[in-house]
Each structure stands twice: as C-alpha cells, then as structure tokens.
Amino acid sequence: QVNAVRVYVNSSSENLQYPVLFVVRQQKGVLSWQVPLIFRGLYQRTYNYQEVSRTLCPSEPTPETGSSDQIIFVDVASMAPFNIAYELLVTRLENFQLETNKAFNFTASPSQPQYFLYRFPQDVDSVIIKVVSDAVYPCSVVSVQDIVCPVYDLDHNVEFNGVYQSMTKQAAITVQRKDFPGEQFFVVFVIKPEDYACGGSVPSSIHGNVNRTWNLQRTKNLQVTIVPSVKKSVYVQAMFFSFLSFLSFYLGSVVVAFVHYIRDPFRSTDVKLIVPFGSASMAGSGIMTSSHPITASTPEGSSYGAIDESSSSGGRQFSSPEGRPRAGSDTDSSVEEESDFDTMPEIESDKNIIRTKVFLYLSDLSRKDRRIVSKKYKIYFWNIITIAVFYALPVIQLVITYQTVVNVTGNQDICYYNFLCAHPLGVLSAFNNILSNVGHMLLGFLFLLIVLRRDILHRRAMEMKDVYTLDYGIPKHFGLFYAMGIALMMEGVLSACYHVCPNYSNFQFDTSFMYMIAGLCMLKLYQTRHPDINASAYSAYASFAVVICLAVLGVVFGKNDVWFWVIFSIIHVLASLALSTQIYYMGRFKIDGPDSDLGMFRRAVMVLYTDCIQRCSRPMYMDRMVLLIVGNLVNWSFAVFGLVYRPRDFASYILGIFICNLLLYLAFYIIMKLRSSEKLLPIPMFCIVATAVVWAAALYFFFQTLSSWEETPAESREKNRPCILLGFFDDHDVWHFLSAAALFFSFLVLLTLDDDLDVVRRDKIPVF
C-alpha cells in the first residue's frame, strides 16, 4: 500500500505584494507555492485563493530501506514587514490508491487539486477511467500521468505531461498497460479558474485595474470509477463479425446468380431464341431495316416532329457493316467521337424536332452509336479513380498527422471520439470506428463484381448477334455503375480517415464522396431514359468540384457570416432554375440573340411568356413540369432554411440537399414507371423494400448523437455512450454497417429497376 501525504495551508492575508511562500522538500523533489495562490484567465484576469491544499508526491518503500519513515521539510517564508497569520495542516491520505470497479467520490477546486494512484491488476491489459459529476461547471481537467515527480496538478501545468481532456459532466480515458512500464499511473483532477474552455461564458475584458482579485468558491464533486476494457479476444470477434457479415452478401449474390443461371430460358446457343419475333428482318447484303418506322413511336394525333425512317434517320440509325465498325472492334475513341451522330450539322434540326415532341419514347433519345456512348460513360469510371487517388492520399497523410499530434501531446480535446466506446489499436485511438467502415469497401467491391458480370453477359450477347438488329430494353451503359461502386468504396476509405481523428476541420472528408454518390445516382437515373443527352463526365465532376469548394467555404465562413449564406442561397436558387430549364427542354433550350445582345433577353422573355403564361393551365410536358415545380419548392425551402437558421454543420446541410433531390427524383421515376403500366420484378421489388427498411434502421442510429464537434470537447463528451454491439461497437458504428448495406441495396435498385423492359421495344418505352 502506497502512503501519501496532503498539506493544507490557509492565510487570511490578501496582500499580493507580500505573499506567504511555502516550500516542501522531499527525498525526490521540491514542491512550492504561494498564498494567496494566483490563477490567470483571459484578458489578464487574476483569481486569488487563500486556501491551498496539495498532495505530495508519494514514495514507495524499497527492499533496501524497508518501511522506514520519510522526512519532509516544510519551509514557510514571507518578505512582509509585518506579521502574517497562517494555518498549516499535514494529513495522511487513507484512500490514495484507486481500486478496479469501485467508485470513489471526492471534491476538488482550483487551489485544491486531487490525484490518485492506480495499479493494473495482473489479468488486465487495458482500463477505462470514467469520471462523472452532477454539475456542469466549474470546468475541470482529467489527466493521466506516469509515476514521476513532480506531479503536474495546477491549471497552468497540467498539460505538460501525460494524457488529458477537459470535462463538464462526463469524461473517459482509455489507458493501456503497455504505455506504462511500471504498470501504474496517477489520475489527476484539476479545476479550471474559468469555464470558457468548456463552453461557459467568456469573461469580458477588464478596463482599468487588470490585477483585480477574486475570491471564488469553485468546488466540484466528482466520482471516478476505473473498469477493465475489452480483451484482445473481443477485437478478434469484432473483426470476424465485420467481415463475415458483409461476406454473407457475397454468398447471397452467388446464390441469386446461380438461380438465375438455372432458370434462364435463353441459355441456348441459338441466338434467335433471344430475338423477339418481328423485331427486325435481314435485307440484302447485311443492311438492317426496321419493321417499324420512327413515326410509330408517336401517339396518334401527335405527329409533330415525326421523321420518316427512309428520309433522315434510317440511313444513320441502321448502317451497313462497311459504314460502321462492328461491336467489339478496336478503334480509337477520338476517331469515333468525330463520327458521332451528335456532331453532324444536319442532325441539329432533327434534335430540336425529336426532343420537343409532346410524347417522347426511348428510341427518340437513343439514336447515337451504342459503342461511342458506352465509351463516353466509361470516362466516369476512369475519372473517379483519378479523383479518388489524388483526393485520398493527402487526406490519409493529414489524418496520420492528426493522430500523431494526439499521441505526442496527449491532448484528447483535438479529436471528438465517443470516449466511452473508443478501443485503441496500435497508434489508432478508436479502431472500432475505423473497422466499421469495412462494409462500404466490401459492398462497393461486390457491386463492381455484379456490374462486371452484367457487362460481360451483355458483351457476349452482343457478340452473338448484330447489335443493330435489336432495339429492345434500356441501353446498357455500365460506366456510371462502375463509378458508383468506386465511390462507395472511397466513402468507406474516407469515412475511416475522418474517424481517425473526427473534428470540425476534416468532417468534409466524410461527406465529399457522399455528394458524388448522390450525384452519380441522379445522373444514372436520368441516363436510363435519356442516354443521348446526359451530362458528360467532365461537366459532372466539375459540378461536384464546385460543390466541394462551396463545402470548404461553408466550413470556413458558414458559422457566423451572413454574406456567405446570402450568396450561397442565390447560387442555389439560380442553379435550380437553370438545371430545371435544361431538364424541361431536354437540353435544347438556348438563350442567344442573332441581332444583338438584347436578342438574348428578348428570347428569354418570349420563352417565359409562351411556356409559363400562355400554357400555364396546361404545360406541354406536364409530368416534367410537376416534378420540376416540386423540386424547386424543395430546393427553395432549403435555401430559405439555410439563410434563416445558418446551420453550423454546412457539409451535412449540402448533403441533405443532395439526398432530398435524389429521393424526390427516384420516387417520381417509380411512380411514372407504374403509371406507364410497367412492372416491378421480384428482385427490384425486394431491393426497394430492403432499401427502405435498412435506411430507416440506419437513420435511427445516425440520429443517436454520440459526439458533436459543433460544441466544445467537454460538451461533446456529455453525449458519449457505452458500446451496444459485442461490447465493441457503438451506435455510430452500427450506422456505418447499416448505411453501407442501405447504399448497396440502393445501387441494386438502380441496376435492376428496368429489367422488365428487356423484352420491350424502345419505341414503346416512354421517356419521363
């Protein structure tokens, strides 16, 4: 048993010019202080205390000296020209050593700090120090220091040694045996003279007498409990659980693929079995002629813009093998781009005619060469890989630096962990928050495999027959799906990077690829029935870059600057209107004036008058108009909300805008699909239900706030909670697991949603 001595002194003198000096000399060190004891705060405020109590650094008996008594010298001095009364009391501490799983209550103040000794039991390698208090203030600091004299137990020096964190009502520090060669440590409790570090009021500056003294009674009742942390076997169980849970998705995918293979009625090598009767006929020497002209895609009574196949589109849409490279041939993409259907000058008039028809069908918007369009969409895949590498490497370097700073300085106020469930591994302070992101990477890779399988099957089908003889189903372009899979994997990587040291400065790492995922999903949904007019990869990623720039500006200026929110709201509204215009007119709306600059405005006024006033009761494209009106109302509501409330979490605010727009568009797409008498097959129906259920469960855990970098570190720790899964994962880790599964199911919805149209002619598939 280690013995400790506490020295209490009191002096009624408030004369700062002649303080009483106390010097305590021990075998291993010297401890000194003065009375009145002065603490300094902001703006040179000073706080003095007449009562001071300090615990002397204990010394353990050694085999050489045995339990012999130790000699302590206490020197008292003052330069005052008059007598000063003081009181000195030396007591022995009976409860200096803390015990495992046993709560201990005590009181501390700025001038009367406390510290206690703890020794690791033989079978314990890691412990959690839990400190609680009923009162929020005064602000306090909990520190863990090695058995070294002197012990730093005052406000101005507690940060000099060991690991420390500020505290209001709750604190928790995980300590590992390997970090203390002596297998013991001190737990130090310091009360700060001011509360601003814990979110309390900031004292106003003092004008005049900067040496004003304060006699404050800032005592705080604390309770400390040291409990064993999880064992190494729990780490192994958690890793097995994480990997096996998501590897089960691989097994399920293999089973579904096998069932499809067994039940596939088109496994015969006879190509004619998969060509619906009457779709096309062979004519002449390889020239393909359609049995249905394009005018068949226009409903009766709406022949505006109909094009006879023999006049303009027939010779271009179905060409001879000599005039167009066959599918699977290797040609330079730049050469193909030059021969793209979209670049022919005489086709511009056809575009304007076709895309402005009241009733559009998929055949009207899938007139380009399939191979050229597929290569255009594959640029999404290659570009996102490049972006991921250039974005992730500096992020990884930065968070490693953050973690190094935390480990070297011991300042646990830098990172906003859930300290009641933060399990360290190696140099990482919260390995569980990193491990739980493995689902994004595993399921993202699985989605890539599923898309690759579909891509290979589609290519084989194209090699077995002439692609231009079969205008059935949604055009198969997989570039965006590959990009979505990479984005899901990178979301896991960057979320893990953020959770290495979560704080206000790097939260954008956790959300950047969420913006891309939401944007790519919207682009894929639009591309499904608008394959010829979707945005290019360069435009899309440039738009994402603008969004991320705005997110960075929001982190820097979005907290209090009204001008930023005004500018952002204006940009948001104008961008919504511009995008709505392009969607409504299928990309054929251009503001240009042939005569002068005023012609541009004249054109805009005429378009608004014609489409918004004359046709207000019945717009030309009713379904699109309803979607865009609702979408603009939602986005304008977000703009007003941001302008009025100015949320501090700007990154989540932008993410909410993306997610709401995606959900709105997906709901519109499914409703229009059902309105068009199209079916939902069992697999997409299962994916839709699974997506809704898993997202609901995931969002429940997401809103279980365990920390918040919008507050001070001490206030954030008030939200900390114990682990809920396997004694290793907390609510936010469960959110990681469920959100990864929810995103995977969401991607499968987009991948399989239109599988029912594979046997439907494109001139019978409506565009919406």
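How many residues does helix α11 have, and how far does α11 reach from its first C-alpha to its last? Helix α11 covers residues 562–584, which makes 23 residues, and spans 33 Å from the first C-alpha to the last. That is close to the 33 Å expected at 1.5 Å a residue. Before going further, keep in mind that this is a predicted model.

## Helix α11 and its neighbours

Let's stay with α11 for a moment. Its buried residues are F564, W565, F568, S569, H572, S576, S580 and Y584. Which helices do these buried residues pack against? They pack against α10 (537–557), α13 and α14. A general point helps when reading such a list: an α-helix has 3.6 residues a turn, so residues three or four places apart point the same way. In α11, the buried set includes F564 and F568, and further along come H572, S576, S580 and Y584.

## The disulfides

Next, the cysteines. How many disulfides does a search of the whole structure find? The search turns up 4 of them. If you number the bonded cysteines of the protein in sequence order, the pairing reads 1-3, 2-4, 5-7, 6-8. Here are three of these bonds side by side.

| Disulfide | S to S distance | Torsion about the S-S bond |
|---|---|---|
| C57 and C149 | 1.6 Å | about -75° |
| C415 and C501 | 1.8 Å | about -90° |
| C421 and C723 | 1.9 Å | 110° |

Start with C57 and C149, whose sulfur atoms sit 1.6 Å apart. The torsion about their S-S bond is about -75°, so this disulfide is left-handed. C57 is found in the loop between β6 (51–55) and β7 (73–77), while C149 is in the loop between β12 (140–145) and β13 (163–167), so the bond ties together parts that are 92 residues apart in sequence. As for exposure, C57 is buried, at a relative accessible area of 13%, whereas C149 is partly exposed, at 30%.

Now for C415 and C501, another left-handed disulfide, because the torsion about the S-S bond is about -90°. This pair links distant parts of the chain: C415 is in the loop between α5 (370–409) and α6 (431–435), and C501 is in the loop between α8 (479–500) and α9 (507–529), 86 residues apart. Are these two cysteines buried or exposed? C415 counts as buried at 2% relative accessibility, and C501 is buried too, with a relative accessible area of 0%.

Then there is the bond that joins C421 to C723. With 110° about the S-S bond, this link is right-handed. Here, too, distant parts of the chain are linked: C421 is in the loop between α5 and α6, and C723 is in the loop between α16 (713–717) and α17 (731–752), 302 residues apart. C421 counts as buried at 0% relative accessibility, but C723 is partly exposed, with a relative accessible area of 22%.

Two more cysteines deserve a quick look. C521 counts as buried, at 4% relative accessibility, while C549 is partly exposed, with a relative accessible area of 48%.

## Backbone oddities

Most residues other than glycine have a negative phi, and most peptide bonds are trans. With that in mind, here are some spots in the backbone to look up.

Which residues does the peptide bond with omega near 10° join? That cis bond runs from Y137 to P138, and P138 lies in the loop between β11 (126–132) and β12. Another cis peptide bond joins C149 and P150, with omega of about 5°. P150 has its place in the loop between β12 and β13. We have met C149 already, as the disulfide partner of C57.

As for phi, R646 has a positive value near 45°, though it is a residue other than glycine. R646 lies in the loop between α13 (622–645) and α14 (650–675), and counts as partly exposed at 29% relative accessibility. S677 also has a positive phi, of about 65°, although it is not a glycine. Where does S677 lie? S677 is in the loop between α14 and α15 (682–702), and is exposed, with a relative accessible area of 66%.

Methods: Residues are numbered from 1 along each chain as its sequence is written. This is a predicted model: local features need pLDDT of at least 70, side-chain atom pairs count only at pLDDT 80 or more; totals for chains, interfaces and linings use all residues. Side-chain values use heavy atoms; hydrogens and water are left out. A disulfide is a pair of cysteine sulfur atoms within 2.5 Å. Helices (H or I, at least four residues) and strands (E, at least two) are DSSP runs, numbered from the N terminus. Buried means under 20% relative accessible area, exposed over 50%, partly exposed in between (1.4 Å probe, protein chains only). The expected span of a helix is 1.5 Å times one less than its number of residues. Contact means heavy atoms within 4.5 Å.
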